[in-house]
Amino acid sequence: MVIVDTRKDVKIEFTGLKEGLHEYRFEIGEAFFDSFEGSIVESGEVVVNLEFEKGSNLFTITYSVSGKVTTTCSLCGGEMEEEIQGDAKFFVKFGEESMSQTDDIIVVMPHEHQIDVSHPIYETISLALPLSPKHENEEDCDQDVIDRLDNYLVDKEEEEGDSIWDDLKDLKL
C-alpha cells in the first residue's frame, strides 16, 4: 500500500515494471487538495484504488475514489462534509508533445519514466461532488447567513402588484 498526502507523490513509475496489471492504493489528504489553486475541495480523506495495466506501447489506468471531503455549502457559505464516490479510466500512450491529448488519452514523451495521475484524480473527486452542495439539513447551515439572506428575499406576490409593467398588460395591439 502506498500512502500519499501530497500532489508530487501521486505518480506511477512505469520504468522497470513488467507488462501486465499492477495495483496501487493511495490515501490522499489535505496537502493534496492544497496543491490545487482555487480548489473547491478544502480538505478530505479519500482512498484511491488504481489499476495500472502496462502494455508494450499503451498503458491503461482505471481507478475509483471514495471518501469524505470538506467543501463549501452553496446556501450559507459554511464548511460542510460530503461523501464522494467516483471512477474513471484513461489511456497513456507515447508520442511527441505536439500530439493532441483528450480527456481519456494522455500522451507522454518517450524519455519519461513516470506518470503524474494527480490531476485526473482531482478532476474525478471534483466531479463526484454535487453541482450545488448544500447541508443535508438546513439547521446545519449558518443561521446568521440564512437570516440575512431572508431579509433580501423578495415576495413574488408583493412585487407583481407594484410592477411598472402592469399598465402595459392592458394595452391592446
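**Confidence**

I began with the confidence of this predicted model. The protein chain has an average pLDDT of 84, and 87% of the residues reach at least 70. I then looked up the extremes among the elements of the chain: β4 has the highest mean pLDDT, 95, and helix α4, residues 156-161, the lowest, 55. Where pLDDT is low, predicted coordinates should not be read in detail. I noted the value of 55 for α4 and moved on to the sheet.

**Sheet**

In what order do the strands of the open sheet lie? I read β2-β3-β4-β5-β6, 5 strands with mixed pairing. The edges are taken by β2 and β6; each has a single partner strand, so one side of each has no neighbour in the sheet. Neighbouring strands here are turned against each other by 20° on average, with direction ignored.

I went through two of the pairings. β2 and β3 run antiparallel and are joined by 9 bridges. Within this pair I found Tyr24 opposite Leu50 of β3, and Ile28 opposite Val46 of β3. β3 also pairs with β4, again in the antiparallel sense, over 12 bridges. Here Glu51 stands opposite Thr62 of β4. How many residues lie between β3 and β4 in their hairpin? I find 3.

**Ser43**

I looked up Ser43, which is in strand β3. Is Ser43 buried or exposed? Its relative accessibility is 19%, so Ser43 counts as buried, the cut-off being under 20%. Leaving out residues up to four places away in sequence, I find Ser43 touching Glu30, Phe33, Val69 and Thr70.

**Nonpolar cores**

Next I looked up the largest nonpolar core, which has 30 residues. Which of them touch the most other members? They are Ile28, Ile61, Ile121 and Ile125. At least two residues of this core come from each of β2 (20-28), α1 (30-34), β3 (43-54), β4 (58-72), β5 (79-94), β6 (105-108) and α2 (118-128). β4 gives the most, 5 residues. I recall the general tendency: in soluble globular proteins, nonpolar side chains tend to be buried together.

Another core lies apart from this one and has 5 residues, among them Cys73, Met80, Cys141 and Ile146. The cysteines there sent me to the sulfur distances.

**Cysteines**

How many disulfides are there? The count is 0. Cys73 is in none; its nearest cysteine sulfur is that of Cys141, 3.8 Å away. Why does Cys76 have no bond to Cys141? The closest cysteine sulfur to that of Cys76 is in Cys141, and at 3.8 Å it is too far for a bond, because a disulfide needs the two sulfur atoms within 2.5 Å. I also checked burial for these residues. Cys73 has a relative accessible area of 2% and is therefore buried. Cys76, at 9%, is buried as well.

**Left on the page**

I keep three items for later reference. Cys141 carries the nearest cysteine sulfur to Cys73, and also the closest one to Cys76. Ile28 recurs, as one of the residues with the most contacts to other members of the largest core and as the residue opposite Val46 in β3. β4 has the highest mean pLDDT among the elements and gives the most residues to that core.

Terms used
Residues numbered from 1 in each chain as written. Predicted model: local features only at pLDDT ≥ 70, side-chain atom pairs only at ≥ 80, totals over all residues. Heavy atoms only, no water. Core = buried A, V, L, I, M, F, W, Y, C linked by side-chain atoms within 4.5 Å. Buried < 20%, exposed > 50% of the residue type's maximum accessible area, 1.4 Å probe, protein only. Helix = DSSP H or I, 4+ residues; strand = E, 2+ residues; numbered from the N terminus. Pairing = 2+ DSSP bridges. Axes fitted to C-alpha atoms, helices over the stretch in contact; angles between N-to-C directions. pLDDT = per-residue confidence, 0-100. Contact = heavy atoms within 4.5 Å.
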